[in-house]
Amino acid sequence: CVETSKHMDPSQEDKKGRESKQSKQSIVLLIIYSILGFAVTIGLFYFTLYHGDRLPLPVPPNLMVSTKLGYAIKCLVLPAFFVFLAILGVSSARGKSKIAWNPLARGGDDEIKIEKNVLQNTLEQFLVFAFLLLALSVSAMSMHQLKFVPVACLLFFLGRVLFRLGYGIQTNPGHRVLGYSINFSLMLLLFMMNAYLVWKNGFLSGLEDSSPTLSGSFKG
């Protein structure tokens, strides 16, 4: 009996082996997707900074504060659309479930866990992103700098889509890291851009109405 207890059941050994292998794969995916997400964000930032004139993006006719804010709010419709899609996802999952259709039913939330997590994470990120984007639009001192606003919104939407698709891969939830890293690096970049503009031009920069300019970079 003692000898038997010392030896692990083969099925348990196989299970531990699979878990160890999956854990290593998750770490590798985490590193690869994190680097890729940061690279995509930085790459688009660099392209917009130095080749923004090649992007066929509409810009407002002037740099009035109200115009810049209105421009940013219009661009935020795309990220808000994904929030709406996430809400629809939760509603659809509840409607298809025999338990979760009743929000008070025990165990119902387990059947819509992915949809709820995606919605909650998206709402948290959207709130921070929207404030950072509005602040950047006000601080922008040139038409060129304003092009970061729609580019950031497109990146946010792309990151959320990849996050949702990765979450749906049940074999390894680490696939969602790509979308998450895009959104995280994007918000980090927006923080840095806002801080730089405040440091360079002053806290009240951008609050005064000015005539349009086509300065080619952040240096202008």
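**How H6 and H9 pack, and the core around them**

In this predicted model, the axes of H6 and H9 (lines fitted to C-alpha atoms over the stretch in contact, with angles from 0 to 180 degrees between N-to-C directions) come within 10 Å and cross at roughly 30°. H6 and H9 are therefore roughly parallel (angles under 35 degrees) to each other. On the H6 side, the contact (heavy atoms within 4.5 Å) includes Phe129, Leu132 and Leu136, and on the H9 side Leu186, Leu190 and Leu197 are among the residues involved. The contact residues split into 13 nonpolar, five polar and no charged; here Ala, Val, Leu, Ile, Met, Phe, Trp, Tyr, Cys and Pro count as nonpolar, Asp, Glu, Lys and Arg as charged, and the others, Gly among them, as polar.

Now for the core. The largest nonpolar core (buried Ala, Val, Leu, Ile, Met, Phe, Trp, Tyr and Cys joined through side-chain atoms within 4.5 Å) has 31 residues, and Phe129, Leu133, Leu146, Val149, Leu186 and Leu190 touch the most other members. H9 supplies the largest share of this core, nine residues. Setting aside neighbours within four places in sequence, Val149 is in contact with Tyr71, Ala72, Cys75, Leu133 and Ser137.

As for the whole chain, there are nine helices and zero strands, taken as DSSP runs (H or I, at least four residues; E, at least two) numbered from the N terminus. Of its 220 residues, 39% are buried, meaning under 20% relative accessible area with a 1.4 Å probe, protein chains only.

Residues are numbered from 1 along each chain as its sequence is written, and side-chain values use heavy atoms, without hydrogens and water. Local features need pLDDT of at least 70, side-chain atom pairs count only at pLDDT 80 or more, and totals for chains, interfaces and linings use all residues.

Conventions: Buried < 20%, exposed > 50% of the residue type's maximum accessible area, 1.4 Å probe, protein only. Parallel < 35°, antiparallel > 145°, perpendicular 65-115°, else oblique.
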